[in-house]
Amino acid sequence: MSTDATNNDSQGKLVCIFGAAGGVGASTVAANLAVSLQQGHSARSVAVVDTTLTGGDLPLMLGMALGAGLRALPTDPQRVDEALLMNAQATHRSGVQLLHLGQSSPLRPVAEPAVLVRTLELMARWHDWVVVDCGCATERVTHTVIPHASTMLLVATLALPAAQRAKQWVQWLIDTGVPSGKLVAVMNRCREDEAAYRRQLQSLLPCRVGAYLPDSPELARESLIEGVPLVATQPRSTLAHGYAELASSLSGQSMGASDRKAEGVFQRVHARFMGTRHAA
Ligand SMILES: Nc1ncnc2c1ncn2[C@@H]1O[C@H](COP(=O)(O)OP(=O)(O)OP(=O)(O)O)[C@@H](O)[C@H]1O
Ligand SMILES: [Mg+2]
């Protein structure tokens, strides 16, 4: 799979999500973004891939059985085929397809890069959107998928050291040749008293900030306990709006033919979102 291939209109868009540090909310963003993309356009085919090989957190966040997924990950990319992946995918009630590469060992065996690339190549053939939870940016998987990503979402918080790491990761990615237009920072768990940090960060980060998501511990906890993403349980909450707007802004970056008729409407929503963001 080449970078061009994933940017081709006949291929689905690969949105890779990684955290600037552990525990900043990357998996929560992945689950909610996937469901939001599906809710925004029911005819779309959306998949979410959990690359974390310990079984992953996405089944928990989506309220799905751990049984789904690849229990035994092949080491030979030739053995990754349609039948294997189709059997391993499970359908969430939103319509999103979940694929996790989970194995039960907590020792974190690593997917062979070629196996992962082959998996994502096939997924991008079948789905309009493939949201990939890559875990923390330090994981090897992150660096395997970077060349194939249509968009990379770097999740961080305004708190140190995650904010400092976000800046370092963005700069490093740009220095290694990733176009800054492919990079979108998502600042999670923002509090109102951190407004000054937002302004500072905006001038320091050499990529756009796609969302400032509010810190909503109670809603996040309830959503985890229920195993239902917040965009489904609390669609009117500020946090769910943040996920939905992020999904809208990504859709607008890469509209397929079927979406073009909605372009005018989308542009108005997107403009409003960007206006809100800059005013924040
Ligand atoms: N906006 C938010 N407000 C409050 N809590 C949140 C928010 N986003 C995520 N959380 C909570 O933060 C915790 C960590 O989230 P999550 O598992 O998504 O992080 P992660 O970056 O994927 O972690 P890991 O590095 O372990 O993969 C969870 O308890 C989640 O409910
Ligand atoms: Mg995670």
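User: What makes strand 1 and strand 5 a pair, and in which sense do they run?

Analyst: In this predicted model, strand 1 and strand 5 (residues 129–136) are joined by 6 bridges in the parallel sense. Two strands pair if there are at least two bridges between them, so strand 1 and strand 5 count as paired. One bridge links Lys-13 to Trp-129 in strand 5.

User: How do you know that strand 1 also pairs with strand 6?

Analyst: The same test applies. Strand 1 and strand 6 run parallel and are joined by 5 bridges; the cut-off is at least two, so they pair. Gly-19 stands opposite Val-155 in strand 6.

User: Why are strand 3 and strand 8 called edge strands?

Analyst: The open sheet has 8 strands in the order 3-4-2-5-1-6-7-8, with mixed pairing. Strand 3 (90–91) and strand 8 (208–214) each pair on one side only, and they are the edge strands. For strand 8, 5 bridges lead to strand 7 (residues 183–190), and these two strands run parallel. Within strand 8, Pro-214 is the bridge partner of Cys-190.

User: What makes strand 1 (residues 13–19) mostly covered?

Analyst: A residue is called buried if 20 or more other C-beta atoms lie within 10 Å of its own. In strand 1, 7 of its 7 residues are buried, and the strand is therefore described as mostly covered. In a regular strand the side chains alternate between the two faces of the sheet. Here Lys-13, Val-15, Ile-17 and Gly-19 point one way, while Leu-14, Cys-16 and Phe-18 point the other way, and all are buried.

User: Which helix lies across strand 6 and strand 7, and at what angle does it run to strand 6?

Analyst: Helix 7 (residues 162–175) lies across both, running at about 155 degrees to strand 6 (151–157).

User: Which residues are closest to ligand 1, and how is its shell divided?

Analyst: The ligand is surrounded by 20 residues, the closest being Gly-22, Gly-25, Ser-27, Thr-28 and Ala-220. Helix 2 (26–40), strand 5, strand 7 and helix 9 (217–226) each give two or more residues to this shell. The shell holds 8 nonpolar, 9 polar and 3 charged residues. Gly counts as polar, so Gly-22 and Gly-25 belong to the polar group.

User: How confident is the predictor in the chain, and where does pLDDT stay under 50?

Analyst: The protein chain has a mean pLDDT of 83, and 80% of its residues reach 70 or more. Over residues 2–7 pLDDT stays under 50, and the model has 10 contacts beyond four places in sequence for them. Residues 254–280 also stay under 50, with 21 such contacts.

Technical notes:
Residues are numbered from 1 along each chain as its sequence is written. Chains are lettered from A and ligands numbered from 1 in the order in which they are written. Helices (H or I, at least four residues) and strands (E, at least two) are DSSP runs, numbered from the N terminus. Two residues are in contact if their C-beta atoms, placed from the backbone, lie within 7 Å. Axes are lines fitted to C-alpha atoms, for helices over the stretch in contact, and angles run from 0 to 180 degrees between N-to-C directions. A residue is buried if 20 or more other C-beta atoms lie within 10 Å of its own, exposed if 12 or fewer, and partly exposed in between; C-beta atoms are placed from the backbone. A residue is near a molecule or strand if its C-beta atom, placed from the backbone, lies within 6 Å of it. pLDDT is the predictor's confidence in each residue, from 0 to 100.
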